[in-house]
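Here are some exercises to help you find your way around a structure you haven't met before. Try each task on your own, then walk through the solution.

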Amino acid sequence: MDFSRLETSSKIGDGWTYPPAEARRRGWLDVDAAAGHRIYWEEYGPADGGAVMFLHGGPGGACSPEMARFFDPARYRVILFDQRGCGKSEPNVAAAGPAAALRNNATADLIGDIEKLRDALGISGRMHVFGGSWGSTLAMAYAIAHPQHCASLILRGIFLGAAEDLLYLYQGNAATWHEAPHALTAPGAYIAYPDEWGELLSVLTVAERADVMASYKAIFDMVPANEEERAKQLHAALTWSLWEGVISNMIPETASTGKFGDADFALCFAQIEAHYFANDLFITPGHLLGNAATLASIPVHIVHGRFDQVCPLTQASRLVDALRGAGAEPATYVVTNAGHSAMERENALALTAIMDGLPRPGA
């Protein structure tokens, strides 16, 4: 049988509108002397271009130069930065450990970091705030705190972070999986990715599967006493990271794990996510949609994959309903034939088209 004509990837590949770019400048910014945090940033595009603050996902996902390719390099001044504890920011969870890197690491701290970076880079006017997944959460939280600084919100893969959203991603049928692994006993991403779900649960005992997130966090919080415990912790972090990495694509990238299979990335990604998820994202439940009137005062552009299993489409639907309830339609609402990742072809093209179509200042 010949399967060579079947699609093997849903990623953008060589379909980008704009070529790879080099950072015009880069550096670190001290943001918290008490905890020793300094964040790494890069700037792309012309110094007099329209400012775009790019907020990566995770939490703990970090940035890469490819993320600058959504933007016309002749038009936009793009700021990429690694949030506290991950990427090239310091202290880093993988290098310094969670005790140091997770100290003073909450949503309010990240919002403050955006303000400090804005000031340090001399961004005085309104800026576009661009974020996907957790980046969409942080973008909305920032906009509620500082609406006067936002020209627009460009949001992909809306993540509201409610209990039901996290249970869909991490709990599903875990409590009864050992009895009937393929039974549809609860909603969840496991339905579309049963083999990967089995890998995620294999790290835990039957008893631990009653609360998958709490059980993983207990492993991440452990201070390894020996190499065996250190190996267990790393294996758990890699398994957690790979679960989200694989299911982020409509066509799973099984041939290459990419950054999600890198040990240092996985340690940051998994432990920072577990830290935020255990604390309701450090956002009062209902805060985002409860402030829909503030969000509605800003042009909001939404791109969401119909087949997103990390952040199901219902989360975008809830946001759109809240904006309409506040008296405003989204400036753009595009449901793509894609999964979760920003690098899914349809998502990447839609996001680029939105940025290309935004009015120029004074237009």
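## Warm-up: prolines and odd backbones

Pro91 sits in the loop between strand 4 and helix 1 (93-96). Keep in mind that this is a predicted model.

**Exercise 1.** Find which residue is joined to Pro91 by a cis peptide bond, and then find the cis bond at Pro59.

*Solution.* Start at Pro91: the cis peptide bond joins it to Glu90, with omega at about -5°. Next, go to the loop between strand 3 (50-55) and strand 4 (76-81), where Pro59 has its place. Here the cis bond is with Gly58, and omega is about 0°.

**Exercise 2.** Look at phi of Ala62 and Phe282, then decide whether each residue is buried, partly exposed or exposed.

*Solution.* Ala62 is in the loop between strand 3 and strand 4. Its phi is positive, about 70°, although Ala62 is not a glycine. With a relative accessible area of 9%, under the 20% cut-off, Ala62 is buried.
Now hop to Phe282, in the loop between helix 9 and helix 10 (287-290). Phi of Phe282 is positive too, near 55°. Its relative accessible area is 31%, so Phe282 counts as partly exposed.

## Rings

**Exercise 3.** Work out how the rings of Phe159 and Phe277 are arranged, then do the job again for Phe265 and Phe269.

*Solution.* The structure holds 22 aromatic pairs. Take Phe159 and Phe277: their ring centres are 6.1 Å apart and the planes are at 70°, so this pair is edge-to-face. It ties together distant parts of the chain, as Phe159 is in the loop between strand 6 (150-156) and helix 5, while Phe277 is in helix 9, 118 residues away. Both Phe159 and Phe277 are buried.
Phe265 and Phe269 are 5.3 Å apart, centre to centre, with 20° between the planes, which makes the pair stacked. Both lie in helix 9, four residues apart, or about one turn of the helix. Phe265 counts as buried at 11% relative accessibility, and Phe269 is buried at 3%.

## Helix 8

**Exercise 4.** Compare the span of helix 8 with the expected value, and find what covers its buried residues.

*Solution.* Helix 8 (residues 227-247) has 21 residues. From first C-alpha to last it reaches 30 Å, close to the 30 Å expected at 1.5 Å a residue. At its start, a side-chain oxygen of Asn226 comes to within 3.1 Å of the backbone nitrogen of Glu228. The buried residues of helix 8 include Gln233, Trp240, Trp243 and Ile247. Among the elements covering the buried residues are helix 5 (163-170), helix 6 (194-202), helix 7 (212-221) and helix 9 (263-277).

## An arginine in a loop

**Exercise 5.** Is Arg126 buried or exposed, and which backbone oxygens does its side chain reach?

*Solution.* Find Arg126 in the loop between helix 3 (107-120) and strand 5 (127-132). Its relative accessibility is 52%, so Arg126 counts as exposed. Beyond its neighbours within four places in sequence, Arg126 is in contact with Pro147, Gln148, His149, Cys150 and Ala151. Its side chain reaches the backbone oxygen of Pro147 at 3.3 Å and that of Cys150 at 3.1 Å.

## Paired strands

**Exercise 6.** Find the sense in which strand 7 and strand 8 pair, and name the bridge partner of Ile302.

*Solution.* Strand 7 (residues 300-305) and strand 8 (residues 332-336) pair in the parallel sense, over five bridges. Ile302 has Tyr333 in strand 8 as its bridge partner. Add helix 12 (residues 314-325), and the three elements make a right-handed β-α-β unit.

Methods: Residues are numbered from 1 along each chain as its sequence is written. This is a predicted model: local features need pLDDT of at least 70, side-chain atom pairs count only at pLDDT 80 or more; totals for chains, interfaces and linings use all residues. Side-chain values use heavy atoms; hydrogens and water are left out. Helices (H or I, at least four residues) and strands (E, at least two) are DSSP runs, numbered from the N terminus. The expected span of a helix is 1.5 Å times one less than its number of residues. Buried means under 20% relative accessible area, exposed over 50%, partly exposed in between (1.4 Å probe, protein chains only). Contact means heavy atoms within 4.5 Å. A polar contact is a pair of N or O atoms within 3.5 Å; within protein, one must be able to donate a hydrogen and the other to accept it, and residues adjacent in sequence count only if both atoms are side-chain atoms. Rings of Phe, Tyr and Trp (its six-membered ring) pair if their centres lie within 6.5 Å; planes under 30 degrees apart count as stacked, over 60 as edge-to-face and the rest as tilted. Two strands pair if DSSP finds at least two bridges between them. A crossover is right-handed if, with the strands pointing away from the viewer, the path from the first strand over the helix to the second runs clockwise.
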